[in-house]
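These are my notebook entries on one structure. I record below what I looked up, entry by entry.

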Amino acid sequence: MASSYLWVKAFHIVFVSSWFAGLFYLPRIFVNLRQVAADSHADRERLLIMARRLYRFSTVLMVVAIALGLALWLVWGLGKGPHHWLDAKIVFVVVAIGYHHACGSLLRKFEAFANVRSDRWL
């Protein structure tokens, strides 16, 4: 039982780290998209493909990380007293999910040529 707990915990950490790596790299692609010249359609499409793939992959990583975190909590952590760190972690996860969806909204704006943000803001 303890061995499976450690494996699930290790995979949870790997998936969370990978999800955050994608979340931190996606705005860099947005900056590059903003700086692409208006007549450079090939560069724009290449960056949009990269952003779409990274966003989709980050979404998969997010879902798996949350599922593993729920498994850790429900199987091994339920009913073992108050865990105030868990409350803080849940708030942090909700904020990270909101940021993930905000990045998705920015991606849709870039796809529709509706981005009004500067590269400095991004």
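Throughout these notes I take contact to mean heavy atoms within 4.5 Å. I also note at the outset that this is a predicted model.

**Entry 1: His100**

I began with a single residue and asked which residues His100 is in contact with, leaving aside its neighbours within four places in sequence. I found Trp19, Leu23, Tyr55, Ser58, Thr59 and Met62. His100 itself belongs to helix α3. I then looked up the relative accessible area of His100, which is 0%, so I entered this residue as buried.

**Entry 2: the largest nonpolar core**

I turned next to the nonpolar residues, since in soluble globular proteins nonpolar side chains tend to be buried together. The largest nonpolar core has 14 residues. Within this core, I listed Leu26, Ile29, Phe30, Leu33, Ala51 and Leu107 as those touching the most other members. I asked which elements give two or more residues to this core. They are α1, spanning 2-35, α2, spanning 41-77, and α3, spanning 84-111. Helix α2 supplies the largest share, namely five residues.

I also noted a second core, separate from that one and made of six residues. Among them are Trp19, Leu23, Leu61 and Met62. Three of these names, Trp19, Leu23 and Met62, I had already entered as contacts of His100.

**Entry 3: two residues of the largest core**

I looked up Phe30, which lies in helix α1. Its relative accessible area is 1%, and Phe30 is therefore buried. I then took the C-alpha to C-alpha distance from Phe30 to Leu48 and read 8.7 Å, with their positions 18 residues apart in sequence.

For Leu33, I set aside residues up to four places away in sequence. Leu33 then touches Arg44, Leu47, Leu48 and Phe110.

**Entry 4: α1 and α2**

How do α1 and α2 pack, and at what angle? I recorded an angle of about 155°, with the axes 8 Å apart. Angles over 145 degrees count as roughly antiparallel, and α1 and α2 are therefore roughly antiparallel to each other. The crossing of α1 past α2 is left-handed. By class, I entered 25 nonpolar, seven polar and two charged residues for the contact of α1 with α2.

Leu54, in helix α2, was my next residue. With its neighbours within four places in sequence left aside, Leu54 is in contact with Gly22, Tyr25, Leu26 and Ile29. Is Leu54 buried or exposed? The relative accessibility of Leu54 is 18%, so I counted this residue as buried, the cut-off being under 20%. I also checked Leu54 against Asp87: the two are 33 residues apart in sequence and 29 Å apart in space, C-alpha to C-alpha.

**Entry 5: α2 and α3**

For α2 and α3, I recorded a packing angle of about 160° and axes 11 Å apart. That angle makes α2 roughly antiparallel to α3. Helix α2 passes α3 in a left-handed crossing. On the α2 side, the residues making the contact include Arg44, Leu48, Ala51, Tyr55 and Met62. On the α3 side, they include His100, Gly104, Leu107 and Phe110. I entered the classes of this contact as eleven nonpolar, five polar and three charged residues.

Arg44 deserved its own line, and I placed this residue in helix α2. Arg44 has 12% relative accessibility and so counts as buried. Beyond its neighbours within four places in sequence, I found Arg44 in contact with Leu33, Val36, Phe110, Glu111 and Phe113.

**Entry 6: α1 and α3**

The axes of α1 and α3 come within 11 Å and cross at roughly 35°. Here too I noted a left-handed crossing, of α1 past α3. The α1 residues that meet α3 include Trp19, Leu23, Phe30 and Leu33. They meet α3 residues including Ile97, His100, Leu107 and Phe110. The residues of this contact divide into 15 nonpolar, two polar and two charged.

**Entry 7: Phe113**

I closed with Phe113, one of the contacts of Arg44. Phe113 lies in the segment after α3. Its relative accessible area is 64%, so I entered Phe113 as exposed. I noted that the phi of Phe113 is near 60°, a positive value in a residue other than glycine.

Conventions
Residues numbered from 1 in each chain as written. Predicted model: local features only at pLDDT ≥ 70, side-chain atom pairs only at ≥ 80, totals over all residues. Heavy atoms only, no water. Core = buried A, V, L, I, M, F, W, Y, C linked by side-chain atoms within 4.5 Å. Buried < 20%, exposed > 50% of the residue type's maximum accessible area, 1.4 Å probe, protein only. Helix = DSSP H or I, 4+ residues; strand = E, 2+ residues; numbered from the N terminus. Axes fitted to C-alpha atoms, helices over the stretch in contact; angles between N-to-C directions. Parallel < 35°, antiparallel > 145°, perpendicular 65-115°, else oblique. Left-handed = near helix turned anticlockwise from the far one by under 90°. Nonpolar A, V, L, I, M, F, W, Y, C, P; charged D, E, K, R; others polar.
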